[in-house]
Amino acid sequence: MIEINFSPADLDEVQRVADIRHLPKVEAGIKDNCYATHKMTPAQSHFNGLLGEFAAAYYIGGEVDKTYNPKGDKGRPDFYVNGLGIEVKYTNLFRGDFIVPNRVIDPLNFRADIGIVCHPGYNTRRVILAAWVTREIFLSDYHIRNYGDGDRTAITQSNMRFMSELMDFIYGERSSMVER
């Protein structure tokens, strides 16, 4: 696990981008596809997801997309590093799964080369990058589970790789890392 600490200025930037992505949808009356529970609003869910994206981008040298697209990302990766698409999923659970939210259950909806799951740290300024998975491993080890909002395709952290191996995969020897 890798812990990323955010400064107050970093958190302000995450909030600014969350507002760019969320507020125009609210103003236009567009239904938000962002998963929200009775404990979290769509705006909070956007913010948390962006915390994960910013943490992962900071750690591996990527750049978060800071623009608004009224039609969403259409399943495209969150960002690219060294030619690889990176998809980041934030969960509020310490050992939470990497979940691909999709309306039609199809593991091929995970289109990135790498998936990273993260969760909150020990205070609101920290994010833990918990584990990562290649697309190949995801497609061989996924499961279908209902998390309370319909079936989702997911993979448990125990089937994912240690964060300490990610930089070698991105910038070093990839072939030995595809298989567990």
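**Exercises on rings, cores and salt bridges**

Ring pairs link F98, F110, F138 and Y142 into a cluster; rings of Phe, Tyr and Trp (its six-membered ring) pair if their centres lie within 6.5 Å, and planes under 30 degrees apart count as stacked, over 60 as edge-to-face and the rest as tilted. The model is predicted, with local features requiring pLDDT of at least 70 and side-chain atom pairs pLDDT 80 or more, while totals for chains, interfaces and linings use all residues. Residues are numbered from 1 along each chain as its sequence is written, and side-chain values use heavy atoms, without hydrogens and water.

**Exercise 1. Classify the ring pairs F138–Y142 and W132–F169, and state the burial of each residue.**

Step 1. The search of the whole structure gives 5 aromatic pairs. In one of them, W132 and F169, the centres are 5.1 Å apart with 40° between the planes, and the pair is tilted. W132 belongs to strand β6 (residues 126-134) and F169 to helix α4 (residues 166-171), 37 residues apart; helices (H or I, at least four residues) and strands (E, at least two) are DSSP runs, numbered from the N terminus.

Step 2. W132 is buried at 0% relative accessibility, and F169 is buried at 5%. Here buried means under 20% relative accessible area, exposed over 50%, and partly exposed in between (1.4 Å probe, protein chains only).

Step 3. F138 and Y142 form a stacked pair because their planes meet at 25°, with ring centres 6.1 Å apart. F138 is buried at 0%, whereas Y142 is partly exposed at 31%.

**Exercise 2. Describe the nonpolar cores and the surroundings of I116.**

Step 1. A nonpolar core is a set of buried Ala, Val, Leu, Ile, Met, Phe, Trp, Tyr and Cys residues joined through side-chain atoms within 4.5 Å. The largest one has 30 residues, and F6, I86, I114 and I116 have the most contacts inside it.

Step 2. Elements giving two or more residues to this core include α1 (8-28), β3 (84-90) and β5. Its largest share, 8 residues, is supplied by α2.

Step 3. Leaving aside neighbours within four places in sequence, I116 is in contact (heavy atoms within 4.5 Å) with residues including A56, I60, I86, F98, W132 and L166. Another core, of 12 residues, lies apart from the largest one and has F110, A112, V133 and F138 among its members.

**Exercise 3. Locate the salt bridges of E3, D97 and R161, and give the closest N and O distance of each.**

Step 1. Side chains of opposite charge can pair when their charged atoms come close. The structure holds 5 salt bridges, each defined by a side-chain nitrogen of Lys or Arg within 4 Å of a carboxyl oxygen of Asp or Glu.

Step 2. E3 bridges to R126, with the closest N and O atoms 3.8 Å apart. Since E3 is in strand β1 (residues 2-5) and R126 in strand β6, the bridge ties together parts 123 residues apart in sequence. E3 is partly exposed at 33%, and R126 is partly exposed at 28%.

Step 3. D97 bridges to R145 at 3.6 Å between the closest N and O atoms. D97 lies in the loop between β3 and β4 (98-100) and R145 in strand β7 (residues 143-146), so this bridge joins parts 48 residues apart in sequence. D97 is buried at 10%, while R145 is partly exposed at 43%.

Step 4. R161 bridges to E165, the closest N and O atoms being 2.9 Å apart. R161 counts as buried at 11% relative accessibility.
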